[in-house]
2 protein chains.
Amino acid sequence: MADLLPVIECEGRQRILAAAEDLFSDKAFDAVSMNAIALQAGISKANIYHYFPNKDALYLAVLRDASQNLRALLHDAVHAHGTIVDVLRHFARRHLQALLDRPQLVRLVWREILEKGAPRAQEFAEQGFADMFTALVAVLKTGQSRGELRGDFDPALVATLLLGANVFFFQSRDILRHYPPITFADDPAGYDAGVVEILLRGLVPESSVDTSHIR
Amino acid sequence: MADLLPVIECEGRQRILAAAEDLFSDKAFDAVSMNAIALQAGISKANIYHYFPNKDALYLAVLRDASQNLRALLHDAVHAHGTIVDVLRHFARRHLQALLDRPQLVRLVWREILEKGAPRAQEFAEQGFADMFTALVAVLKTGQSRGELRGDFDPALVATLLLGANVFFFQSRDILRHYPPITFADDPAGYDAGVVEILLRGLVPESSVDTSHIR
DNA sequence: GCTGGTATTGACCGAATGGTCGGGCGCGCG
DNA sequence: CGCGCGCCCGACCATTCGGTCAATACCAGC
């Protein structure tokens, strides 16, 4: 049974894209052969070349696809209401959840960011970054102007810190799970709650920490 | 002129290791051919097989090497003296500096952590993690027991947060540099100072943030 | 000079790679 | 019907891959 909507993309093409996305998200570009993709898609290798001129184009298409999907997914995490503090809590929570919901997409895009050798499509990969960043910075600035947040910190830095906390958690969850003192490896909600809590209140008992000797 | 110390490893082997490390840090395992390594090392491909039984063993040796070097490098970042707050500042600063000083090693090890498909040597890669982690957690706990730090936060979580801030900065520096609101992309010291500052003091003006509605 | 082990090499191997080609299948349309 | 055209495939190609091997060059000890 076909989709009710008239599907623009022929379904063979999408089968290929799905298979390629699946494989490329686990292994690097050169580690995935066209044969493997064809096998996973249940078609012949030659057929892939009917839809894509070469392997690079296919990879690029997969990355563009993943990038757009990831952007849409993360886009939803931005919207929230209530106090700035509430918005921050929601944002952190939903952002991390979005990452964990689609680990394949995230790994795919993130690997492209890290690979120095062949910048195949950093533009795509960086878009999601920009969205999250500007949104978060805007939230923080609003909080500052409203007086709900301190005015003497750099919003961009805090945005980096929060995004980094989530990305790092996503990346190293499997490793973190091995260490006994870590209890939050399987509790992303608890992790984010703790992170935001610390960011808001700080580590020192009073707000009277001596900051004069920062070097 | 040779080293004054008697070198255990024959120098051919080290040439190979150096070349392989160079190439493997830029491109993934399958994207680096034995031919390329031989070329870069200025020797014949067959000669590589005199020192290493196969490509996997060579890669493993490179990774073990990189892992140990990185560990040694990071190990120095732990030691510091003064108040806990000072130790924390030093730690953050030197940890990030260590990452930035040897980007190749870090990328090499970190890629191994991220790759799901073939866990070639996660053990090696995870060692550095454990070191940093336990050291940081110990510092934080000391701070808590001394009353210099709040007692109601999870030390492991804060350790994750701080380590993540540095790793994330390292990973996405090139991207961060593109965004106008970010001024710290080329100022790791300033970044870490800001991060620690926020961690210590928190984002809210008073320490009276309402935490009753954390979900 | 001879010997034996180490270092090093070019030539070579089978397998797998990315990519091509000619043709067959099926369906809509004149 | 048959004609054309997307869709799809088996077979094939040149190249490159990881890896092998026999043969050197080299050098220390006898």
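**Helix α7 and the surface near DNA strand D**

In this predicted model, α7 of chain A is followed by A:Gly147, a residue with a positive phi, near 85°. The helix itself invites a simple check with a ruler. Helix α7 of chain A runs over residues 122–145, a total of 24 residues. The expected span of a helix is 1.5 Å times one less than its number of residues, so α7 of chain A should span 34 Å, and this agrees with the 34 Å that separates its end C-alpha atoms.

The next topic is the DNA. DNA strand D is surrounded by 16 residues, and the closest of them come from both protein chains: A:Ser44, A:Ala46, A:Tyr51, B:Lys45 and B:Lys55. By type, the residues of this surface are eight nonpolar, six polar and two charged. Three helices each supply at least two residues to the surface: α3 (45–51) of chain A, and α2 (34–41) and α3 (45–51) of chain B. The largest share, four residues, belongs to α3 of chain A.

Which parts of DNA strand D lie within 4 Å of the protein? Sugar or phosphate accounts for 56% of these atoms, and bases make up the rest. Individual contacts show each of these parts in turn. At a phosphate, an oxygen of DNA strand D is 2.9 Å from a polar backbone atom of B:Met34. The side chain of A:Asn47 places an N or O atom 3.3 Å from a sugar or linking oxygen of the strand. A base takes part as well: one of its oxygens lies 2.5 Å from a polar side-chain atom of B:Lys45, a residue that is also listed among the closest to DNA strand D.

Methods
Residues numbered from 1 in each chain as written. Chains lettered and ligands numbered in written order. Predicted model: local features only at pLDDT ≥ 70, side-chain atom pairs only at ≥ 80, totals over all residues. Heavy atoms only, no water. Near = heavy atom within 4 Å. Polar contact = N/O pair within 3.5 Å; in protein donor to acceptor, adjacent residues only side chain to side chain. Nonpolar A, V, L, I, M, F, W, Y, C, P; charged D, E, K, R; others polar.
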